[in-house]
Amino acid sequence: MTLTSDVAAGFARLTLGHVGQRYPFKLDQVLTGPDDLREPHEIHPIFHGSFDWHSCVHGWWQLLTIARLFPDLPEAAEIRRRADEMLVADKVTGELAVLARPYAAGFERPYGWAWALALHGEAARHDAGWGAALEPLARAFAERFRQHLPKLTYPIRVGTHFNTAFALTLARDWACDHDAALVRLIDARARDWFGEDRGCQAWEPGGDEFLSSALSEALLMSRVLGDGFAGWFDVFLPDAVAGRPQSLFTPATVSDRSDGKIAHLDGLNLSRAWCWRSIAAALSAHPIAPVAREAADDHLAASLPHLADDYMGTHWLATFALLALTV
């Protein structure tokens, strides 16, 4: 299961079909008065597609990544054309205005924050003005991380948008190139929260989760600990080489892909595949590596064929498939 040009083109076509699709759209907004009742595209000049703000953000990350990896695809030309139209300074100013509103401190925290950083990081890799245009938005979210992390006494371990470890993995990847102080803060907080975790029970998944609490934590610690990760992993998941806890090695069953919450479980399968492949890469000489790769393949096989089954998955799942296929 690899990322070929044909697979990438299919992902791009799916996402080009919804990053500009205005409806349906789920707003994340606190109303302070009647003037706040505006159309989503008036509130969010760039990220008003893909059903919700964060899905539109990471849809753009996915598109720019594909355009970089496969620049000769016909879809890549369309991606560049639309990026030139959308990822511009005046539209970014409109997105920044949302962050300045009253009661906006928790807007998209931390999932959307992290994806905004990832998008800027990808945009900055391109020989275009997209990175420069998006940098003020990325810096604003980086500052939010700096303000929030020291006062977050306890990590959030749920397998949905509030998960701390997942967000910090993306944020740290961005910060390694753009903000050394944020790397140090993330590493310190990750060690505080997760450094002494032992014998993870992995009571997952919940019925609407798209992230593995256990594997998201392990993935973050692989970034933070470097050569020390193997020792940490051996006590965090001491029976992993034997395929236990079984829940981490068994793809989730998705009973209704038209139900937006149940469809999250396809995302769980894809994000677990990303985590397992990343763990195998980090521990390539460890006995877990072949076990992790097999688990990743099983999870990909369960959900990769279903990206286009229903809009409740189509508007976001290809992003997680791309994560898994680009490890």
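Is Phe51 buried or exposed, and what is its relative accessible area? Phe51 is buried, with a relative accessible area of 18%, because anything under 20% counts as buried. Keep in mind for every view below that this is a predicted model.

**View 1. The whole chain, before we zoom in.**
Let's start with the overall picture: the chain has 15 helices and zero strands. Its radius of gyration is 19 Å, close to the 20 Å that the globule rule gives for 327 residues, so the chain is as compact as a globular protein of that length. Along the principal axes, the C-alpha atoms fit in a box of roughly 55 × 45 × 40 Å. Of the 327 residues, 55% count as buried. Take the contacts with a separation of 6 or more: residues 24 or more positions apart make up 76% of them. About 13400 Å² of the chain is exposed, and carbon and sulfur atoms supply 53% of that area.

**View 2. Phe51 and its backbone angle.**
Here we're looking at the loop between helix 2 and helix 3, where Phe51 sits. Phe51 isn't a glycine, yet its phi is positive, near 80°.

**View 3. Helix 3, end to end.**
Helix 3 covers residues 53-69, which makes 17 residues. At 1.5 Å a residue, helix 3 should span 24 Å, and its end C-alpha atoms are 25 Å apart, so the two values agree. Most of helix 3 is covered, with 15 of its 17 residues buried.

**View 4. Two cis peptide bonds, each leading into a proline.**
The bond from Tyr23 to Pro24 is cis, and its omega is near 0°. You'll find Pro24 in the loop that runs between helix 1 (5-16) and helix 2 (40-43). The bond from Arg109 to Pro110 is cis too, with omega near -10°. Pro110 belongs to the loop between helix 5 (89-99) and helix 6 (111-123). That loop also holds Glu108, a residue with a positive phi of about 60° even though it is not a glycine. With a relative accessible area of 8%, Glu108 is buried.

**View 5. Aromatic rings in pairs.**
The model has 20 aromatic pairs. In one of them, the rings of Phe166 and Trp274 have centres 5.9 Å apart and planes at 75°, so this pair is edge-to-face. Phe166 is part of helix 8 (residues 164-178) and Trp274 is part of helix 12 (residues 264-282), so the pair ties together parts that are 108 residues apart in sequence. Both Phe166 and Trp274 are buried. Another pair is Trp316 with Phe320: their ring centres are 5.7 Å apart and their planes meet at 80°, so this pair is edge-to-face. Trp316 and Phe320 are buried as well. Zoom out a little and ring pairs join Trp61, Tyr111, Trp115, Phe166, Phe210, Trp274, Trp316 and Phe320 into a cluster.

**View 6. Ser271 and its neighbours.**
Ser271 is a residue of helix 12. Its relative accessibility is 2%, so Ser271 counts as buried. What does the side chain of Ser271 reach? It reaches the backbone oxygen of Phe210, at 2.7 Å. Leaving out residues up to four places away in sequence, Ser271 touches Phe210, Leu211, Ser212 and Phe320. You've already met two of these neighbours, since Phe210 and Phe320 belong to the ring cluster.

Technical notes. Residues are numbered from 1 along each chain as its sequence is written. This is a predicted model: local features need pLDDT of at least 70, side-chain atom pairs count only at pLDDT 80 or more; totals for chains, interfaces and linings use all residues. Side-chain values use heavy atoms; hydrogens and water are left out. Helices (H or I, at least four residues) and strands (E, at least two) are DSSP runs, numbered from the N terminus. The expected span of a helix is 1.5 Å times one less than its number of residues. Buried means under 20% relative accessible area, exposed over 50%, partly exposed in between (1.4 Å probe, protein chains only). Rings of Phe, Tyr and Trp (its six-membered ring) pair if their centres lie within 6.5 Å; planes under 30 degrees apart count as stacked, over 60 as edge-to-face and the rest as tilted. A polar contact is a pair of N or O atoms within 3.5 Å; within protein, one must be able to donate a hydrogen and the other to accept it, and residues adjacent in sequence count only if both atoms are side-chain atoms. Contact means heavy atoms within 4.5 Å. The radius of gyration is taken over C-alpha atoms; the globule rule is 2.2 Å times the number of residues to the power 0.38. Accessible areas come from the Shrake-Rupley method with a 1.4 Å probe; for residues, only the protein chains shown count as cover.
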